[in-house]
Structure formats: structure tokens, C-alpha cells
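The following note is intended for a colleague who has not yet worked with this structure. Please read the numbered points with the model open alongside.

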Amino acid sequence: MKKACLFNKYYLLLVMIACLLFFNTSCGLDTFYVLDPPISIIHQPEYSNESQDSKYFEFWTNENTQIEGFTFLGTEVYYKIYNSYSQMTSETSVLQTLSNDADKSATAAEKMINNTSSGGYGFKALKVAGNPESPLVTASDSNQRVYIRLSDYQNVEDYSARVLVNGANLNGAAGKTIPVRNTSDMRTFNFGRNGSYDIAPAKDDEDVKFTSGVTSSKWYVCMFAASLGMDATYQNYYSNILYLGSVSIDASSYDN
């Protein structure tokens, strides 16, 4: 009787182990991929510095993601426009705190990208004129140096709006690759000019956080970067975010 009970226990245990192995191999456990964020900042502007020498963003991407069954797509740059620098610095502080917290860094990109109705800040992916593709900087075999200046200054070539990767126009374009807003008509960041796409932001624009009661003609643009990848089911994954800095753009001035 005791031998029979002992046999039944071992038999039941073996059946449970077999079932566990079957489900793990046939259904698979959930797989979570961890992407490395862009490596480091080369130049980080701040809105309070009005010098044209400072009004650009520059950083290194991180191309070292090698994961079986996973595709590293490249590096995305995200922006948001504010009419209040205090509102911008408040939201930026929250995102930087999340990114610096090892236990919460995975939620930093989610907080940044999700719209306000989902508890996020609604940052938009930066685009360039004539190219709506994502991500902004496609994957490469080695780390890439990215330079972004959002708006022009007079007709000075060195201060013209453009995106450069490793010193060349984005994606090897023949002409300058000009950064534009993520809107249906791809407006520029030349808010104070009179071109057909040089339109100042409006309070209801999706890429704008408008604070009532602010009367200044200045707008503030904050940017972050994140690595982007995709698994075999085409689900997107984001790395922790890297704060790129912020600049002011005066909509009342041709020389913004």
C-alpha cells in the first residue's frame, strides 16, 4: 500500500514536470528586451542661453544592441513645444528623475511618449522635411554622432537649421535635411519667419503644451532621444531616454 502511494506521488510529480516543460517550450515564456540608450551628450543647450553658438543639440547614438530574434531599428529623437519655461522644466525634471532611477527607467519613455489622457507628456518624434520615416537616425554598424539645429539665424550658414549624422546630411541627402515638426503639413521651427511652413505654434497643436496667462512671444523646445527596436511580432521597444536639452525660439523675431 505504501509503495503504491509512493509510486503515485512520483508519477504525479513527473506528470507536473512534463506539463511545465511542455507549456514552457510550446507556448514560451514572455520575453522582454532591454535596449541600451544613446551613449552620451556632446553638447546640451539650455533655454536660458540665447547665444546662437549654443542653440544646437549633439549626441552619440548607441549601436551595440545585438539580440537574437530582435531588430535594432535606430535612434528616435522626441520633442515638445512649450510657451512656459517653468512648465517645461517641471516636466523635464520628472522625466530625468525617472531616467536616472534604475527601478523606473523603463517607464521613462512610456511617460514621455504617451499622450496626456494616458498620463504621459505627449512628446512627438522629430521629422525632417520630405522624410516622414521612423526612426530619425537608422541603425548603423557603429555609434553615430548626431547634430541638430532646429531654427535658422539670419542667413548664416553655420547657424542654419539642419540634421547632420557623422558630419553629413541625414541619410546621405544631397541637400540639407531640415528638421520639422510632427504635424500633417510638417511645419518648420522658424516661428518668426514668413515662409509658408514657418508658422508659430498654436495652443491646440498636438505637439504643444500651452499654459494660459503667459504673454511672452518666446516658445521653448525640449528634446530627448531613445533607442528603438522591434521583436519578431513587430512590437516596438524603447530604451531609457537621454535628455538632449532645450532651446528658446522667439516668434516675434526674424532672428530667432
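1. A polar contact is here a pair of N or O atoms within 3.5 Å; within protein, one of the two must be able to donate a hydrogen and the other to accept it. The model under discussion is a predicted one. Such a contact is made by Ser239, whose side chain reaches the backbone nitrogen of Ser227 at 2.9 Å.

2. The setting of Ser239 deserves description. This residue belongs to the loop between strand 13 (236-238) and strand 14. Its relative accessibility is 3%, so Ser239 counts as buried. When neighbours within four places in sequence are left aside, Ser239 is in contact with Leu35, Asp36, Pro37, Pro38, Ala109, Ala226 and Ser227.

3. Aromatic residues form a second topic. The structure contains 10 aromatic pairs. One of them, Tyr47 with Tyr85, is stacked, with 5.3 Å from centre to centre and 20° between the planes. This pair connects distant parts of the chain, 38 residues apart: Tyr47 lies in the loop between strand 1 (40-43) and strand 2 (57-60), and Tyr85 lies in helix 2 (residues 85-100). Tyr85 counts as partly exposed because its relative accessibility is 43%. Together with Tyr220, Tyr47 and Tyr85 make up one aromatic cluster.

4. How are the rings of Phe224 and Tyr243 arranged with respect to each other? Their centres are 5.3 Å apart and their planes stand at 55°, so the pair is tilted. This pair, too, links distant parts of the chain, with Phe224 in strand 12 (residues 218-231) and Tyr243 in strand 14 (residues 242-250), 19 residues apart. Both Phe224 and Tyr243 are buried.

5. A charged side chain may also be noted beside an aromatic ring. Lys111 lies over the face of Tyr121, at 4.9 Å from the ring centre.

6. The final point concerns a sheet. Five strands form an open sheet in the order 1-2-7-8-9, and their pairing is antiparallel. Strand 1 and strand 9 (168-169) each have a single partner strand and stand at the edges, so one side of each is left without a neighbour in the sheet. Within this sheet, strand 7 (residues 145-149) and strand 8 (residues 162-165) run antiparallel and are joined by 4 bridges. Which residue of strand 8 is the bridge partner of Ile148? That partner is Val163.

Note on methods: Residues are numbered from 1 along each chain as its sequence is written. This is a predicted model: local features need pLDDT of at least 70, side-chain atom pairs count only at pLDDT 80 or more; totals for chains, interfaces and linings use all residues. Side-chain values use heavy atoms; hydrogens and water are left out. Rings of Phe, Tyr and Trp (its six-membered ring) pair if their centres lie within 6.5 Å; planes under 30 degrees apart count as stacked, over 60 as edge-to-face and the rest as tilted. Helices (H or I, at least four residues) and strands (E, at least two) are DSSP runs, numbered from the N terminus. Buried means under 20% relative accessible area, exposed over 50%, partly exposed in between (1.4 Å probe, protein chains only). A charge sits over a ring if NZ of Lys or CZ of Arg is within 6 Å of the ring centre and within 35 degrees of the ring normal. Contact means heavy atoms within 4.5 Å. Two strands pair if DSSP finds at least two bridges between them.
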